[in-house]
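This report walks through one protein model for a reader who has not met it before. It goes from the overall fold to single residues.

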Amino acid sequence: MNNPRCTRLLLLASILYVIGFYFIGSAIKPGYSQISNFVSEYNATGTAWAALLTYAGFAATAAILSAFLATAIPLLRTSGVSRVGAWLLWSLPASYLLAVVAPCDSGCPLDGSVSQIAHNLLAVITYFGMGLSIALISFDTRFNGFEFSRAFLRLAGIAFPVVFFLMVQPGLDHWGGLLQRLLDIAMAVSLILIVRTLIPMSRSV
């Protein structure tokens, strides 16, 4: 049975697990920088601790986020374009799963091996999907009266493709990790706003 409390606990678990994954990963990964290195570089092919971070990091994160969405989406009760946005939220766990099925090469370049090319293509799809998902959900009429939340979701939705483009610019390569983590924060805040607004604690199914 899905219930709001379970959904909130899974969202909290997802956020805390990602934070732990990032900090533990950067602590054990030689030379890794949260500021300049992309998240996908945790398990770059042939690098230290790649196997551990693939399964304990990316695969586990995708599983927890999937559990959250499996309980949350039925409770959102969205319709129209907002319902499309809700289903596009699956782009979020997919963005972590792509590092499992198509890990990047060392340094996560724009070109490289077949796995790297597939990684880059899937990254474009999932990041644009995440941005579109939260922007579309903001059109739900229940955000009427919550203008700050609606504005944040729409700005965050726009930020995803814009910041993704900036992340891969050669002149900003030393800031790619920071830009990516800002998007992670924007997504976490967006999910909190969506759950608080669209899934009141009194609801159960």
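Helices here are DSSP runs of H or I with at least four residues, strands are runs of E with at least two, and both are numbered from the N terminus. On that basis, the protein reads α-α-α-α-α-α-α along its sequence. The count is seven helices and zero strands. The radius of gyration is 17 Å, close to the 17 Å that the globule rule gives for 205 residues, so the protein is as compact as a globular protein of that length. The model is a predicted one.

**Overall measures**

Taken along the principal axes, the C-alpha atoms fill a box of roughly 50 × 35 × 25 Å. Of the 205 residues, 48% count as buried. The accessible surface comes to about 9,700 Å², and carbon and sulfur atoms hold 74% of that surface. Among contacts with a separation of 6 or more, 68% are between residues 24 or more positions apart.

**Helix α1**

Helix α1 covers residues 4-28, which makes 25 residues. From its first C-alpha to its last α1 reaches 36 Å, close to the 36 Å expected at 1.5 Å a residue. At the N-terminal end of α1, N3 acts as a cap: one of its side-chain oxygens lies 3.2 Å from the backbone nitrogen of R5. The buried residues of α1 are P4, T7, L10, L11, S14, V18, F21, Y22, G25 and S26. Their cover includes α2 (50-76), α4 (91-101) and α7 (176-198).

**The nonpolar core**

In soluble globular proteins, nonpolar side chains tend to be buried together. In this model the largest nonpolar core has 49 residues. Y42, F68, Y96, I134 and I194 have the most contacts inside this core. The elements that give two or more residues to the core are α1, α2, α4, α5 (114-137), α6 (147-167) and α7. The largest share, ten residues, comes from α2.

Which residues does Y96 contact, leaving aside its neighbours within four places in sequence? Y96 is in contact with V18, Y22, F58, T61, A62, L65 and D184. Of these partners, V18 and Y22 are also among the buried residues of α1.

**Q34 and its partners**

Q34 is found in the loop between α1 and α2. Its side chain makes a polar contact of 3.2 Å with the side chain of S26, and another of 2.3 Å with the side chain of R181. Not counting residues up to four places away in sequence, Q34 touches Y22, F23, S26, Y42, G177, L178 and R181. One of these, Y42, is listed with the residues that have the most contacts inside the largest nonpolar core.

**Two residues of α5**

Both A135 and T126 have their place in helix α5. T126 has a relative accessible area of 7% and is buried. Leaving aside neighbours within four places in sequence, T126 is in contact with S91, A94, S95 and L98.

Is A135 buried or exposed? The cut-off for buried is under 20% relative accessible area. A135 has a relative accessibility of 16%, so A135 counts as buried. With neighbours within four places again left aside, A135 is in contact with L153, R154 and G157. A135 and R150 are 15 residues apart in sequence, and their C-alpha atoms are 8.5 Å apart in space.

**Residues in loops**

The table gives three loop residues with their relative accessible areas.

| Residue | Loop | Relative accessible area | State |
|---|---|---|---|
| W49 | between α1 and α2 | 48% | partly exposed |
| R77 | between α2 and α3 (80-88) | 48% | partly exposed |
| C108 | between α4 and α5 | 13% | buried |

Most residues other than glycine have a negative phi. W49 has a positive phi, near 65°. C108 also has a positive phi, of about 50°, although it is not a glycine. For R77, the C-alpha atom is separated by 39 Å from that of A44, and the two residues are 33 residues apart along the chain.

Terms used. Residues numbered from 1 in each chain as written. Predicted model: local features only at pLDDT ≥ 70, side-chain atom pairs only at ≥ 80, totals over all residues. Heavy atoms only, no water. Expected span 1.5 Å × (residues − 1). Buried < 20%, exposed > 50% of the residue type's maximum accessible area, 1.4 Å probe, protein only. Contact = heavy atoms within 4.5 Å. Polar contact = N/O pair within 3.5 Å; in protein donor to acceptor, adjacent residues only side chain to side chain. Core = buried A, V, L, I, M, F, W, Y, C linked by side-chain atoms within 4.5 Å. Rg over C-alpha atoms; globule rule 2.2 N^0.38 Å. Areas by Shrake-Rupley, 256 points an atom, 1.4 Å probe, with all protein chains shown as cover.
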